Amino acid sequence: MPADGALSIGDLAAGAGTTVKTVRFYSDRGLLPEASRSGGGHRRYGPEAPARLRTIRALRSLGVPVPEIGRLLDRGDTLEAVVARRLDDLGTELAALRWREAALRALQDGAPEQLAERLELIGAVSVPPSTSALAHYWRRVLPVRLSARLRAAVTERAVPQPSADPTADQVLAFARIHALATAATDRCLVSHRPVTAAHPDLLYDGLHEAYHLVDAALRAGRAPGPGEALDCYVAAHARDGGTRDSPAFRRALTVRLAAADHPVMSRYWQLAGELTPDLTLGGADSWLREALTASTAAG
């Protein structure tokens with residue numbers, strides 16, 4: 001070692017248990033600045049270089065990208081921030097791996113004649129999966145004049161989030177609901193609105209309240225039938241139509257809702273129900289419509 005304490009690239013590599021090629025790589029990217037050059041043009045590193053190299057290698061072993069290490073070493077970033085970002089990145093990477101594993105199992109479990117269809121469905125979904133196609137579908141389905149507040153509230157509940165640790169069946173269900181929403185949007189098959197509303201905010205505010213009441217009824221173990229949830233549901237439709245609840249209105253509403261049924265929407269809610277343990281908006285609406293049918297039959 002020279003008298004000034006400078007280290008050759010070979011000394012630095014040997015002391016760190018790595019190769020000259022590795023040291024040169026980090027040096028060329030500015031992570032290990034040279035202190036000087038020898039008379040023969042060879043790199044020389046200062047006494048702080050070994051500790052700096054150990055830090056670089058430790059961070060690289062954790063998968064921290066080289067540019068982020070550079071910002072940290074130059075004090076343009078903090079170790080806490082780097083660690084937090086790496087944990088976020090790992091979460092995304094692990095979610096992608098779990099999704100891919102479940103997707104492969106879905107292919108493995110399928111009958112030979114199902115493989116091509118399943119591969120096409122699953123291959124159309126990004127990894128990790130995005131719900132943007134489903135959200136876009138609901139932006140097209142909901143009434144144009146619905147307020148931003150209610151539009152966001154409905155979309156949040158209507159769009160099922162993919163599981164962080166999905167089963168093969170959940171991967172297939174998400175791939176199918178993604179394909180359904182994409183096709184309905186791309187082919188302009190969005191004339192099937194959940195309900196036709198003259199006063200969207202009045203209607204959807206009432207429906208939102210009614211669906212919460214269904215949650216409570218189900219937790220109490222009540223079957224579809226007369227009660228606060230049904231009254232709230234019917235009142236919302238009556239307000240939207242500028243009328244009042246009555247036996248005649250309930251009979252007419254039963255017929256109108258049955259006529260508004262659409263196979264795309266029915267299939268959407270069936271698939272959504274496979275993706276979440278929670279009550280979907282479609283499930284709540286079905287409970288209320290069953291209660292409405294029962295109440296009109298009894299009347």
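In what order do the three strands of the open sheet lie? The order is E1-E3-E2, and the pairing is antiparallel. This is a predicted model, and the account below starts from that sheet before moving to the helices, the cores and a few unusual backbone sites.

**The sheet**

Strands E1 and E2 (36–37) form the edges of the sheet, each pairing on one side only. E1 pairs with strand E3 (residues 43–45) over two bridges, in the antiparallel sense. Ser 8 belongs to strand E1 (residues 7–8), and the residue opposite Ser 8 is Arg 44 in E3. Leaving aside residues up to four places away in sequence, Ser 8 touches Arg 43, Arg 44 and Tyr 45. Is Ser 8 buried or exposed? Its relative accessibility is 17%, so Ser 8 counts as buried.

Arg 29 lies in the loop between helix H2 (20–28) and E2. With a relative accessibility of 48%, Arg 29 counts as partly exposed. Arg 29 and Val 66 are 37 residues apart in sequence, and their C-alpha atoms are 8.4 Å apart in space.

**The nonpolar cores**

In soluble globular proteins, nonpolar side chains tend to be buried together. The largest nonpolar core here has 59 residues, and the members that touch the most others are Tyr 137, Trp 138, Ile 177, Tyr 233, Tyr 268, Trp 269 and Leu 288. Helix H9 (residues 168–186) supplies the largest share of this core, with 10 residues. A second core, separate from this one, has 19 residues, including Ile 56, Leu 59, Val 66 and Leu 73.

Tyr 137, one of the residues named for the largest core, is in helix H7. Tyr 137 counts as buried because its relative accessibility is 0%. Tyr 137 and Thr 22 are 115 residues apart in sequence, and the distance between their C-alpha atoms is 50 Å.

**Aromatic pairs**

A pair of aromatic rings is described by the distance of the centres and the angle of the planes. The count of aromatic pairs comes to seven. One of them is formed by Trp 99 and Phe 174, which are edge-to-face with centres 5.7 Å apart and planes at 85 degrees. This pair links distant parts of the chain, as Trp 99 is in helix H5 (residues 79–109) and Phe 174 is in helix H9, 75 residues apart. Trp 99 and Phe 174 are both buried.

The rings of Tyr 268 and Trp 269 are also paired: their centres are 5.3 Å apart and their planes stand at 90 degrees, so this pair is edge-to-face. Tyr 268 and Trp 269 are both buried. Together with Tyr 137 and Trp 138, they form one aromatic cluster.

**Two helices**

The table sets out the spans of H10 and H13.

| Helix | Residues | Number of residues | Expected span | Distance between end C-alpha atoms |
|---|---|---|---|---|
| H10 | 200–219 | 20 residues | 28 Å | 29 Å |
| H13 | 263–275 | 13 residues | 18 Å | 19 Å |

For H13, the expected span agrees with the distance between the end C-alpha atoms. The buried residues of H13 are Val 264, Met 265, Tyr 268, Trp 269, Leu 271, Ala 272 and Leu 275. Why are they said to line one face of the helix? Seen down the axis of H13, the buried residues fall within an arc of 165 degrees, so they line one face. An α-helix has 3.6 residues a turn, so residues three or four places apart point the same way.

For H10, the two values in the table agree as well. Its buried residues include Pro 200, Leu 203, Tyr 204, Leu 207, Tyr 211 and Asp 215. After H10 comes Gly 221, which has a positive phi near 80 degrees.

**Unusual backbone sites**

Most residues other than glycine have a negative phi, and most peptide bonds are trans. Which residues are joined by a cis peptide bond? They are Val 127 and Pro 128, with omega about -10 degrees. Pro 128 is in the loop between helix H6 (115–123) and helix H7 (132–141).

Arg 75 has a positive phi, near 65 degrees, though it is a residue other than glycine. Arg 75 is placed in the loop between helix H4 (66–73) and H5. Its relative accessibility is 76%, so Arg 75 counts as exposed.

Terms used. Residues are numbered from 1 along each chain as its sequence is written. This is a predicted model: local features need pLDDT of at least 70, side-chain atom pairs count only at pLDDT 80 or more; totals for chains, interfaces and linings use all residues. Side-chain values use heavy atoms; hydrogens and water are left out. A nonpolar core is a set of buried Ala, Val, Leu, Ile, Met, Phe, Trp, Tyr and Cys residues joined through side-chain atoms within 4.5 Å. Buried means under 20% relative accessible area, exposed over 50%, partly exposed in between (1.4 Å probe, protein chains only). Helices (H or I, at least four residues) and strands (E, at least two) are DSSP runs, numbered from the N terminus. Rings of Phe, Tyr and Trp (its six-membered ring) pair if their centres lie within 6.5 Å; planes under 30 degrees apart count as stacked, over 60 as edge-to-face and the rest as tilted. Contact means heavy atoms within 4.5 Å. Two strands pair if DSSP finds at least two bridges between them. The expected span of a helix is 1.5 Å times one less than its number of residues. The arc is that of the directions from the helix axis to the C-beta atoms.
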